[in-house]
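Below are my notes on the model, set out as numbered points. Please read them alongside the sequence and the coordinates.

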Amino acid sequence: MKTAFPFVYLRSILQARRHIVGRIPAAGNSAKHWKGHTLMLIEMRGIEKVYKLGSERVNALRGIDLDVSEGEYVALTGPSGSGKSTLMHLIGCLDSPTAGRYLLAGSDVSSMSDAALARVRNRQIGFVFQTFNLLPRATALHNVEIPLIYGGLGSRERRRRATAALERVGLADRMKHQPNQMSGGQRQRVAVARALVTDPSILLADEPTGNLDTATGNSILELFAQLHASGQTIVLVTHEADVAAHARRHIVLRDGKIESDDANK
Amino acid sequence: MLILEIIRVAFGALLANKGRAFLTMLGIIIGVGAVIAMMAIGAGAQKAVQDRIASMGVNQLRVFADRTTTRGVTRYRSLTTDDAQALRNEMTLATAVVPDMGGQYQVKYGNKNNSVRITGTTPEYFSLRNYQLAAGRFFTNGDMSASQRVAVLGSVAAENLGIGPQDVGSTLRIGGMIFDVVGIMESKGSQGGWDNPDENIFIPITTAQYRLMGNNRINGVTVQVVAQEWMLAAQGEMERILRRERQLRPEQQNDFRFFNQQELATTFAESTKIFGLLLASIAAVSLIVGGIGIMNIMLVSVTERTREIGIRKALGARRSIILLQFLLESITLCVLGGAIGMALGYWVAKVMASSGGWEVIVTPQSLLLAVGFSVGVGLFFGIYPASRAAKLDPIEALRYE
Ligand SMILES: Nc1ncnc2c1ncn2[C@@H]1O[C@H](COP(=O)(O)OP(=O)(O)O)[C@@H](O)[C@H]1O
Ligand SMILES: [Mg+2]
């Protein structure tokens, strides 16, 4: 793997060029341009993930090559058990691959210390889970403030940004509510606000509408569409076709491999 | 600030489980309480002993009879007024030779009838021990040589009999014998718990010997030496006189023993050491037991909050932050327990001391020690659960149900 790296890297550069040439940057994204080019955010090569369950080995991912550049809205679909969540966790630096190379915004994640990874999760990644994962005893406002606390922000700036993020997801009137005082849709909005509050490079959402009814789910997806329009890079996992239709790029996973990717067509 | 959030979370977790937190703290409360109580009582006892040492004076020596064992036979022979007389006549290094003898007698005054300790001694006794009068006078050498039936009452003895300053000059009965009350002493306070002069009645030693007790056995002789540097020489002089007076053959060991401030200090240092060891072992055991309880509950807490840990890690909490958060929680438990333990220990010491007759002294060192111990226990027993929390894999933690 190590000896192959220069070639892998070369290939990633070539692919990156192709993206740069082939893609039109989303509107309003100019602030994130680097020397006039679109920045490559995710570069994965030969990513594998093996889970060991006692003597059994589950090959959840078997050789994933994936490039996502800034401003993209990617839908990751595939049957249950195909490895979507596993891939999202790797992208979000919540887990590390068994093999392969992963560059996030140009830096190699696999060689990072725990502190550096925590920093990446804090600054670069916004994760929205299917089950919300809010802290039950904390208010909406405090839930949204947590990433800013770990980011080292002062309390006044924290409050200002958390309030703004909650307003952005339409929860200005629910700041002091605890998760158990809110509906599923409202909880997921809090989770989205929490993911966005640090202004992350990538918003990752693993079946964010999975626990919501269709109407509520659609309102979340509308929110994502707005975010994308304002330049936010999004990777969204879903197994529903109509949800995936919201995205510009569609990747289908099957048995731990990329079956199709319409960016490569 | 980040540290404020960490503190907030730690307190929040404790407040959410108040009952459990209190039960967990119980071990620490008892441990620290025991340490504070025993240190307070120990310091009080120490002060009492020091007062006694001080009351004896640096240039005083006391001699009293001692057991001897020869070929399996244990013998005990009291010192007598004759021994005291010999010392008084022959010692060159003494400025005062003061024997005392004592016994428990029924004392009647009015309708009161108490059992009181009677001490027969010489007038120098009062100045030697620095006793002060509240009313009347001490008895004199004249009283001594005439074996007068005069009594000087300790403050408590007087009070128990209902005798006040205005009653000086009245009479009371000691063992059926009529005595004049000539003086009442000021309260002196306990001299270490075992010999409280306030509870005594003092009479001339001649009266005690010839009229009341009818024997010449004395408790001991206190000798005032001319100067501190002559203590050892004075002791040698006393030994020579007493051996001759008591007709001990050269091969026989002394059947008397000396007691001086030096010896008292040594004995005291020894008992303090034993007391300290006892204290340390009680503290150690209870703090270890308390600490294990805390470790146990912290492990439970980590398990319960696995998902929360996962969420926090996913949001960018470093290992060190999670570690600190749980460590702070266990330290808070310990310090809170320590604080309650201090209050409890102080209270226990007060109750015990008030029944034991000495004061309670809570030193800043003992408080510092208690706080230090609490923090130490919190750190030591908190580090394992906290590091388990810190090392949790974010994804596994998030998946935990
Ligand atoms: N922690 C785990 N331990 C063992 N196997 C796992 C674990 N997580 C996922 N898997 C397995 O890996 C495969 C991919 O799972 P996942 O990524 O959750 O799929 P998806 O999200 O597409 O449904 C599945 O076969 C699943 O059983
Ligand atoms: Mg999944």
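**Notes on the predicted model**

1. A:Leu104 has a relative accessibility of 2% and so counts as buried, the cut-off being under 20%. This is a predicted model. A:Leu104 belongs to strand S4 of chain A, which covers residues 99–104. Its C-alpha atom is 5.5 Å from that of A:Leu41, although the two residues are 63 apart in sequence.

2. On disulfides, the count over all chains is zero. Two cysteines can be placed by their accessibility. A:Cys93 is buried at 3% relative accessibility, and B:Cys334 is buried at 0%.

3. Salt bridges come next. Side chains of opposite charge can pair when their charged atoms come close. Over all chains, the whole structure contains 27 salt bridges. Some of those in chain B are taken up in the next points.

4. B:Glu5 and B:Arg312 form a salt bridge through their side chains, with an N to O distance of 3.7 Å. B:Glu5 is in helix H1 of chain B and B:Arg312 is in helix H10 (residues 306–314) of chain B, so this pair ties together parts that are 307 residues apart in sequence. B:Glu5 is buried, with a relative accessible area of 6%. B:Arg312 is also buried, at 4% relative accessibility.

5. B:Arg312 has a further salt bridge, to B:Glu308, where the closest N and O atoms are 2.9 Å apart. Both residues sit in helix H10 of chain B, with a spacing of four residues, about one turn of the helix. B:Glu308 and B:Arg312 are both buried. A network of salt bridges links B:Glu5, B:Arg8, B:Arg305, B:Glu308, B:Arg312 and B:Glu329.

6. What is the N to O distance between the side chains of B:Arg244 and B:Glu90 in their salt bridge? It is 2.7 Å. The pair links distant parts of the chain, 154 residues apart, with B:Arg244 in helix H8 (residues 231–245) of chain B and B:Glu90 in helix H3 (residues 81–90) of chain B. B:Arg244 is partly exposed at 46% relative accessibility, and B:Glu90 is partly exposed at 32%.

7. The surface of chain B carries a nonpolar patch made of B:Ile3, B:Leu4, B:Ile7, B:Phe11, B:Leu15 and B:Leu324, which together have about 520 Å² of accessible area. Helix H1 (residues 2–16) of chain B gives the most to this patch, with five residues. B:Phe11 lies in this helix and is partly exposed, with a relative accessible area of 38%.

8. Helix H12 of chain B can be checked against its expected length. The helix runs over residues 364–391, 28 residues in total, and at 1.5 Å a residue it should span 40 Å. The C-alpha atoms at its ends are 39 Å apart, which agrees with that expectation. The helix nevertheless has a kink of about 45 degrees at B:Ile383, shortly before the proline B:Pro385.

9. Which residues of H12(B) are buried? Among them are B:Ser366, B:Ala370, B:Ser374, B:Val377, B:Gly378, B:Phe381 and B:Gly382. The buried residues also include B:Pro385, the proline that follows shortly after the kink at B:Ile383. B:Ala386, B:Ser387, B:Ala389 and B:Ala390 are buried as well.

Key. Residues numbered from 1 in each chain as written. Chains lettered and ligands numbered in written order. Predicted model: local features only at pLDDT ≥ 70, side-chain atom pairs only at ≥ 80, totals over all residues. Heavy atoms only, no water. Patch = residues over 30% accessible without salt bridge, like charges linked within 9 Å, V, L, I, M, F, W, Y side chains within 5 Å. Areas by Shrake-Rupley, 256 points an atom, 1.4 Å probe, with all protein chains shown as cover. Salt bridge = Lys/Arg side-chain N within 4 Å of Asp/Glu carboxyl O. Helix = DSSP H or I, 4+ residues; strand = E, 2+ residues; numbered from the N terminus. Buried < 20%, exposed > 50% of the residue type's maximum accessible area, 1.4 Å probe, protein only. Expected span 1.5 Å × (residues − 1). Bend = angle between axes of the 7 residues up to and from the residue. Disulfide = S-S within 2.5 Å.
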